[in-house]
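Me: I would like to go through this model by question and answer, starting with the sheet. Please close each reply on the value or name asked for.

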Amino acid sequence: NPKAYNHLKDVYRPSHADYTYDQKFGIRNWQGGGRSSARETIGRVAAGAIAKKYLKETCKVEILSFVSQIHQIKTEIDTTSVTLRKIESNPVRCPDKKIAKTMEDAIEAARKAGDSLGGIITCVARGVPAGLGAPVFDKLKADLAKGMMSIPATMGFQIGSGFESVNMTGSEHNDAFYKEKNQIRTKTNRPGGIQGGISNGEDIVFQVAFKPTGTRSEEHTSELQ
């Protein structure tokens, strides 16, 4: 509804791409953001749904993602126990039932206050074979990071132990190898399933942080003026 944006026609919205798009292209789509709008992701959703189904049916690769944090509320659920059924059991897509309810309440409270909250998505890919990726410019984790960071509102990407790895020593962070039947495994999965830019056969686990949206209800946008 373009008319819903009439009050923003002559102002740059905080935390939006109005200004940068205007500087680069000399135009701005004030009726909703145009290419910088999160509506842009509809094509990714459609293509992703097909790719996800294809990978599961032909390669036995299962890809799941879920909300692991909203604002300061987070779950510590084990990614190895997460199922699609648990994820889809509630509106916030958090497989931790108790934490999901707390998240819902926080989101509703922010909505009533005309505000917004950010969050973190955790993704786990199971059944990925060892050997995908490349050691230099096309590292698998680099490709994943670029793909995730090209989504609107993303602010951070980490894989495996991520930033927490700096709190460990080398001996604590190292993954010991062992043999399970005819497969080489690691006892822990701190690299998130990727070593040297190449998949090692363990679950690929990464997280993506999303900022709180800058869009607020009209009665709470006096700061735009």
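**Sheet, cores and side-chain pairs**

Me: Which residue in strand 3 does Phe66 stand opposite?

Reply: The model is predicted: local features need pLDDT of at least 70, side-chain atom pairs count only at pLDDT 80 or more, and totals for chains, interfaces and linings use all residues. Residues are numbered from 1 along each chain as its sequence is written, and side-chain values use heavy atoms, with hydrogens and water left out. Strands (E, at least two residues) and helices (H or I, at least four) are DSSP runs numbered from the N terminus. In strand 3, the residue opposite Phe66 is Thr122.

Me: Over how many bridges do strand 1 and strand 3 pair?

Reply: Two strands count as paired if DSSP finds at least two bridges between them. Leu64 has Val124 of strand 3 as its bridge partner. Strand 1 covers residues 62–70, and its antiparallel pairing with strand 3 runs over a number of bridges equal to eight.

Me: In what order do the five strands of the open sheet lie?

Reply: Strand 3 is joined to strand 9 by seven antiparallel bridges, and one pair there is Gly119 with Phe210 of strand 9. Strand 2 (73–74) and strand 4 each have a single partner strand, so they stand at the edges with one side lacking a neighbour in the sheet. The pairing in this open sheet is antiparallel, and the order is 2-1-3-9-4.

Me: How many of the eight residues of strand 3 are buried?

Reply: Buried means under 20% relative accessible area, exposed means over 50%, and partly exposed lies in between (1.4 Å probe, protein chains only). Strand 3 is largely enclosed by the rest of the structure, because the number of its eight residues that are buried is six.

Me: Is Ser68 buried or exposed, and at what relative accessibility?

Reply: Ser68 lies in strand 1. Leaving aside residues up to four places away in sequence, Ser68 touches Ile73, Lys74, Thr75, Met103, Ile120, Ile121, Thr122 and Gln207, where contact means heavy atoms within 4.5 Å. Ser68 counts as buried, its relative accessibility being 5%.

Me: Which strand gives the largest share of the largest nonpolar core?

Reply: A nonpolar core is a set of buried Ala, Val, Leu, Ile, Met, Phe, Trp, Tyr and Cys residues joined through side-chain atoms within 4.5 Å. The largest one has twelve residues, among them Val61, Cys123, Leu140, Phe157 and Ile204. Two or more residues each come from strand 3 (119–126), helix 5 (140–149), strand 4 (154–159) and strand 9 (204–210). The largest share, three residues, comes from strand 9.

Me: How many residues does the second, separate core hold?

Reply: In soluble globular proteins, nonpolar side chains tend to be buried together. Val67, Ile73, Ile99 and Met103 are included in this second core, and its number of residues is eight.

Me: How far apart are the closest N and O atoms of Lys56 and Glu62?

Reply: A salt bridge is a side-chain nitrogen of Lys or Arg within 4 Å of a carboxyl oxygen of Asp or Glu, and the structure holds ten. Lys56 is partly exposed at 48%, and Glu62 is partly exposed at 23%. Their salt bridge has its closest N and O atoms apart by 3.9 Å.

Me: What is the N to O distance in the salt bridge between Arg44 and Glu40?

Reply: Arg44 has a relative accessible area of 33% and is partly exposed, and Glu40 is also partly exposed, at 25%. Their side chains meet in a salt bridge with an N to O distance of 2.9 Å.

Me: With which residue does Tyr12 form an aromatic pair?

Reply: Tyr12 lies in the segment before helix 1 (18–25) and its side chain has a polar contact of 2.7 Å with that of Asp22. A polar contact is a pair of N or O atoms within 3.5 Å; within protein, one must be able to donate a hydrogen and the other to accept it, and residues adjacent in sequence count only if both atoms are side-chain atoms. Rings of Phe, Tyr and Trp (its six-membered ring) pair if their centres lie within 6.5 Å, with planes under 30 degrees apart counted as stacked, over 60 as edge-to-face and the rest as tilted. At 5.3 Å centre to centre and 80° between the planes, Tyr12 forms an edge-to-face pair with Tyr19.
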